[in-house]
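Here are a few notes from going through the model, kept short. Have the structure open while you read.

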Amino acid sequence: MEYVGIQTQINRNNRNSVILLLLFPLIILGMLWVFFAIICYFGHDPHYLDFDEINEYYLPTVPWVAGGVAIWFMISYFFNSSMVKHATGAEPLTRKENPRVYNIVENLCMACGMDMPKVNIVQDDMLNAFASGIDKNSYTVTLTTGIIDKLNDEELAGVVGHELTHIRNRDTKLLITSIIFVGIISTVMSVVVRLLSNIISYGGSSRSRDSKDNGLSVVVVMFIVLICSAIAYFFTLLTRFAISRKREFMADAGGAELCGNPRALASALRKISDEPGLADVGREDMAELFIVYPSSLKGNFLSNAFSTHPDVKERIRILEQF
């Protein structure tokens, strides 16, 4: 694997964050234009595209959609730490409660010259860990009780080093940005599916057959919204996928370098892969933070193909080559 310096990786992730901030809104606004184009196309008999008519609907809608997305993003971005904490049931860990873990984190931070992040613990027998936060006040390393109990000190140091590298590389900020935008589109899809289900259940699709001049039925419009949302979701996944997997390899390399024992981290990954996950967390967006993606959340071929995590066996193989 090509070696990349820490500052190079920080600069690269900062650039990717800006790209994400630009690409995701462009995808959303692009699909909004496609939506109005489809509506206008099928609203005419015979069908044709009237670009002036499309823009007449599209342009006044853009500020409302952009404003709504911006507000949603800002709220999610600045309150992400409390959301993650609530979703995982994490609690703060002090030196007094567990000096072993606290000292491992503190020693590694001193070794790389970084500020000590918060340390949280999740009461769960399964093995996993993750880093979160967007700045010095919110950076956090979270560990399960399972990973603390079942890894030795060298293995645990490798895992903590991996998570600290995510923080140093600004990976957490990058990932949170992508999670929020994908979540916006996913939520829109969920709402549309629910509305469609209710409309069909209550006979909302039946319109007077003599009212062709009234335009498309509500159900058809909702189906168009669903299709556009699905396309937008697909492209946001592609965008996120394009920059996600490599950060795990980079964090593995950084963690191995920080703890000074690549094989210890490889051993830790092997143990984690046997029973990864958090029992009470079934959310895919939260799972993207974990050091090993839980197999219980892996679905069909498409969800695996667009996984943000590379194959654990490949990660172990690379670490054992150091």
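1. Bear in mind that this is a predicted model. A good place to begin is F73 and Y77, both of which are buried. The two sit in helix α2, four residues apart, or about one turn of the helix.

2. On the aromatic side, the structure holds six aromatic pairs. One of them joins F36 and Y57, with the rings stacked at 6.2 Å centre to centre and 10° between the planes. This pair links distant parts of the chain: F36 belongs to helix α1 (residues 6-42) and Y57 to helix α2 (residues 51-78), 21 residues apart.

3. How buried or exposed are these two partners, F36 and Y57? F36 has 12% relative accessibility, so it counts as buried. Y57, at 44%, counts as partly exposed.

4. Back to F73 and Y77: their rings also form a stacked pair, 5.3 Å centre to centre with 20° between the planes.

5. There is a cluster to look at as well. F35 joins F36 and Y57 in one aromatic cluster.

6. Now for some helix packing. Helix α6 (residues 153-168) packs against helix α9 (residues 262-274) at an angle of about 90°, and their axes are 8 Å apart. The angle falls between 65 and 115 degrees, so α6 counts as roughly perpendicular to α9.

7. Who touches whom here? From α6 come E154, E155, G158 and V159, and they meet A264, L265, S267, A268, K271 and I272 of α9. Sorted by class, this contact of α6 with α9 has five nonpolar, two polar and three charged residues.

Terms used. Residues numbered from 1 in each chain as written. Predicted model: local features only at pLDDT ≥ 70, side-chain atom pairs only at ≥ 80, totals over all residues. Heavy atoms only, no water. Phe/Tyr/Trp six-rings, centres within 6.5 Å; stacked < 30°, edge-to-face > 60°. Buried < 20%, exposed > 50% of the residue type's maximum accessible area, 1.4 Å probe, protein only. Axes fitted to C-alpha atoms, helices over the stretch in contact; angles between N-to-C directions. Parallel < 35°, antiparallel > 145°, perpendicular 65-115°, else oblique. Contact = heavy atoms within 4.5 Å. Nonpolar A, V, L, I, M, F, W, Y, C, P; charged D, E, K, R; others polar.
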